Amino acid sequence: MASKYILPCFRFKSGRVNKKEKDNELLAYRNELVEALDRTKGKLEASWKALESIVSKPDYQRHTDQLFDVLYTGGLLTNDGKFSNRGDLKLRTSYCVFTTHDELNALRVYEQLFKRLRRRYKHLDAAFESHAQRLLTLLGGFEVAARRRLALLITLFLIDGQLNPRLLLTLGQQQANIDEGLALEFMLIVCVTLKREKGGNFMVQIFKKSGLDGKIISYMPPMLRSDLYFRQVYQENDLNEIIKLHETRAGQELRRQLQQRLLDDFREKLPQVDVVMNVRQFQRQHHMSDSEVIAIVWHTIISSHNPNFSSSSTSNARRNFNSPSATIMERILRKLQTYSPLLNAICSTDSAQIALLMQLQEWCYEHHSLLNHFERLAVHLYKAGVINEDAIIRWYEVDHIDKGKVAFLDQMRRFVHWLHSDRDATSRVDYNTYLENRQHNQQYRSHPVYSDVVTTTRHNTKTAHLC
């Protein structure tokens with residue numbers, strides 16, 4: 001085998017030689033940066049001019065992370081985020097983010113310095129956000145004062161739009177940051193500063209853009225992670241907007257989970273006794289009120305097996321409810337007939353039954369094609385034993401809501417009058433017979449007689465007045 005021919009004037013460099021040259025170049029770069037920052041003593045214009053002459057050198061353009069290390073920490077960081085203690089690498093400057101005064105005015109100098117460097121040099125702009133993410137994963141290696149200054153500077157970047165708010169999600173990538181409370185400490189500083197500088201609405205907008213609105217409680221240490229402690233901590237820092245945002249998102253997630261559990265139970269055709277037990281267990285675990293559970297159960301029943309019956313305001317749902325009301329009512333009444341045992345068990349108290357009537361009122365108001373069918377649905381629930389007369393009278397006289405109040409109270413006037421006709425339900429004449437007698441005695445056209453599934457038609461103003 002012929003030997004490989006090598007030119008006598010050419011010598012391959014070994015890996016050790018390349019590494020030594022790279023270290024020497026890195027040391028020279030670090031030394032120039034430290035000397036420039038020490039010479040300018042943290043003044044913006046002087047620091048900018050000194051750094052510009054150094055960063056513009058072609059040999060130094062590949063050392064972007066090292067430049068940011070010096071500006072943030074005053075020296076070079078190792079791969080695990082610790083300060084290097086090897087030989088000349090220990091050299092640091094006292095004019096950096098971590099050692100400046102603990103106030104926003106002092107940190108604004110570095111915020112503007114980073115901004116100018118990013119605008120001037122594209123390679124620095126490309127590496128800026130990734131380096132900031134790296135620092136957030138290394139919080140455990142920094143002192144308390146350094147972490148506070150870093151949080152304040154990150155907040156200035158968020159206010160100025162230099163960083164994407166989703167950067168804050170990086171805090172949760174290291175479990176150690178969460179377990180030691182560093183993520184919570186960092187977020188409190190960011191939130192308090194955002195609210196003080198730009199107001200509560202701006203702070204909430206940043207949270208929504210970051211994707212933290214549904215995850216903020218996960219940044220608390222696991223041993224202290226509870227809604228009670230979350231509320232206490234954020235109230236102490238005057239961050240009621242965050243508490244409200246968390247409770248809203250948490251409520252939405254709970255509603256989604258309960259609705260999915262109900263749909264799974266319906267799909268598996270579990271006995272309704274078991275469904276009630278699952279709902280009650282979920283309610284106790286998450287401290288949900290009866291009105292919240294009733295709203296979820298109602299919408300799940302209506303939307304089950306047919307997503308177009310959902311209460312959402314999507315175009316499909318609107319199109320479905322604008323179809324002929326007779327067909328819709330037949331389907332709704334069949335659903336209520338099927339799940340009346342479930343509703344009966346959930347609405348076991350008068351307050352729960354009133355909450356169901358209020359939910360029915362709001363639901364009929366939102367779907368205008370069902371606006372004139374409120375009485376029919378209420379009477380059906382009464383005949384099925386879901387709601388009793390005391391709840392109906394209480395709703396009629398006191399606890400109704402404003403949505404569609406005039407129309408719904410007018411529809412229910414005859415039925416409430418029938419309930420008042422004899423407080424003894426056993427001796428009371430049947431409601432259908434009562435309507436027949438009214439029709440015969442008053443000698444004018446009234447509503448059709450109710451069958452087992454009650455039917456009504458729209459009546460004119462004169463009929464409503466006489467009734």
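In this predicted model, histidine 380 comes out as buried, because its relative accessibility is just 5%, against a cut-off of under 20%. This histidine sits in helix α17, which spans residues 374-383. With sequence neighbours within four places set aside, His380 is in contact with Leu333, Leu336 and Gln337. Gln337 shows up again on the polar side of things: the side chains of histidine 380 and glutamine 337 make a polar contact at 3.4 Å.

Zooming out, the fold is built from helices, 21 of them, with zero strands. The protein runs to 467 residues, and 46% of these count as buried. As for how the chain packs against itself, take the contacts between residues at least 6 apart in sequence: 68% of them join residues at least 24 apart. The surface left exposed adds up to about 24,600 Å², and 49% of that is supplied by carbon and sulfur atoms.

Now for the nonpolar interior. The largest nonpolar core holds 78 residues, and the members that touch the most others are Tyr72, Phe114, Leu150, Phe186, Met187 and Tyr234. Helix α8 (residues 182-198) puts in the largest share of this core, with 10 residues. Apart from this core lies another one, made of 53 residues and including Met288, Trp298, Ile301 and Leu356. Back in the largest core, Met187 gives a handy close-up: once residues up to four places away in sequence are dropped, methionine 187 touches Leu168, Leu171, Phe207, Leu212, Ile216, Tyr219 and Tyr234. Tyr234 is thus a contact of Met187 and also one of the members touching the most others in the core.

Phe207, another of the Met187 contacts, leads on to helix α9, which covers residues 200-210. Its buried residues are Gly200, Met203, Val204, Ile206, Phe207 and Ser210. Looking down the axis of α9, these buried residues fall within an arc of 160 degrees, so they line one face of the helix. The face turned away from that buried side carries Asn201 and Lys209, both exposed. And what sits over the buried residues? The cover includes α6 (144-160), α8 and α11 (240-267). Helix α8 therefore plays two parts here, as a piece of the cover over α9 and, because the core count puts it there, as the source of the largest share of the largest core.

Key. Residues are numbered from 1 along each chain as its sequence is written. This is a predicted model: local features need pLDDT of at least 70, side-chain atom pairs count only at pLDDT 80 or more; totals for chains, interfaces and linings use all residues. Side-chain values use heavy atoms; hydrogens and water are left out. A nonpolar core is a set of buried Ala, Val, Leu, Ile, Met, Phe, Trp, Tyr and Cys residues joined through side-chain atoms within 4.5 Å. Buried means under 20% relative accessible area, exposed over 50%, partly exposed in between (1.4 Å probe, protein chains only). Helices (H or I, at least four residues) and strands (E, at least two) are DSSP runs, numbered from the N terminus. Contact means heavy atoms within 4.5 Å. Accessible areas come from the Shrake-Rupley method with a 1.4 Å probe; for residues, only the protein chains shown count as cover. A polar contact is a pair of N or O atoms within 3.5 Å; within protein, one must be able to donate a hydrogen and the other to accept it, and residues adjacent in sequence count only if both atoms are side-chain atoms. The arc is that of the directions from the helix axis to the C-beta atoms.
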